[in-house]
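This report describes a strand within its sheet and the internal cavity of the structure shown below.

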Amino acid sequence: MGGSGPVGFDLDMTLINSRPAILASFAEVARETGTPIDLDAVDRRLGLKLDDELAFWFPPEQVAAVAGLYRRHYLRLAEPMTTVLPGAHEALATVRAAGQRAVIITAKHPVSAGPSLRAAGLAPDELFTLVHGPEKAAVLRRLRADAYVGDTPPDMAAAVQAGARAVGVTTGSFAGQELASAGAEVVLDSLAGFPAWYRPA
């Protein structure tokens, strides 16, 4: 299909493989605070806002301070440990070739998004940070986005809620059936399949 508006992309595990840096940062937080953190549980929820994930492990009054600790580690680890996922550059280029804007809409904090994008060599036309779930839907609606590409069921639900086409990629922690059940119009193994889907027939 061809484009008729901006296309939104999730960042973590959609455009970039940030899993190693995220899990290593949580491991450092666990070590420094002496708080056990189940990294497999963190991995299963990749895509949440940091504060929401930390709330599983720390009392509310500690979350802000621990988030600061996490970000210090993430900023150190992001560039050496982050890689671009297959097809990410081509997907953004395909949207731009159709005369539309390629926008990144992520739950990531702006401080953490910067080094992640630099590591992957990605430069969106616009960047929205600290949004998740229905907050992403609000951004997509405001942009009048044609589609939203992501790796989690909340990403798919946000696209549907905004009236945008939901495009799932199975490069994150969720299977295709989970993405389809959440409203994905199409599920791709990776963004390498995005140009063929997006271009006019």
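## Cavity lining and strand 4

In this predicted model, the lining of the largest cavity comprises 10 nonpolar, three polar and six charged residues. The lining has 19 residues, and those nearest the centre of the cavity are Asp12, Ile22, Leu48, Leu50 and Tyr70. The volume of the largest cavity is about 230 Å³, and the structure contains one cavity of 30 Å³ or more. At least two lining residues come from each of helix 1 (19-33), helix 3 (50-54) and helix 4 (60-81). Helix 4 makes the greatest contribution, with three residues.

The second topic is strand 4 and its partners. In strand 4 (residues 102-105), Ala102 and Ile104 point one way, while Val103 and Ile105 point the other way. All four of these residues are buried. In a regular strand, side chains alternate between the two faces of the sheet.

Strand 4 pairs with strand 1 and with strand 5, as set out here.

| Partner of strand 4 | Bridges | Direction | Residue opposite Val103 |
|---|---|---|---|
| Strand 1 (residues 7-9) | three | parallel | Gly8 |
| Strand 5 (residues 126-128) | three | parallel | Glu126 |

Val103 thus appears in both pairings, opposite Gly8 of strand 1 and opposite Glu126 of strand 5. The connection between strand 4 and strand 5 involves helix 6 (residues 110-120), and the three elements make a right-handed β-α-β unit.

Methods. Residues are numbered from 1 along each chain as its sequence is written. This is a predicted model: local features need pLDDT of at least 70, side-chain atom pairs count only at pLDDT 80 or more; totals for chains, interfaces and linings use all residues. Side-chain values use heavy atoms; hydrogens and water are left out. Buried means under 20% relative accessible area, exposed over 50%, partly exposed in between (1.4 Å probe, protein chains only). Helices (H or I, at least four residues) and strands (E, at least two) are DSSP runs, numbered from the N terminus. Two strands pair if DSSP finds at least two bridges between them. A crossover is right-handed if, with the strands pointing away from the viewer, the path from the first strand over the helix to the second runs clockwise. On a 1 Å grid over the protein atoms alone, a cavity is a set of points where a 1.4 Å probe fits but cannot get out, and a pocket is an open set with protein on both sides within 12 Å along at least five of seven lines; lining residues have an atom within 4 Å of a point. Grid points are joined across faces, edges and corners, and a volume is the space filled by probe spheres set on the points. Ala, Val, Leu, Ile, Met, Phe, Trp, Tyr, Cys and Pro count as nonpolar, Asp, Glu, Lys and Arg as charged, and the others, Gly among them, as polar.
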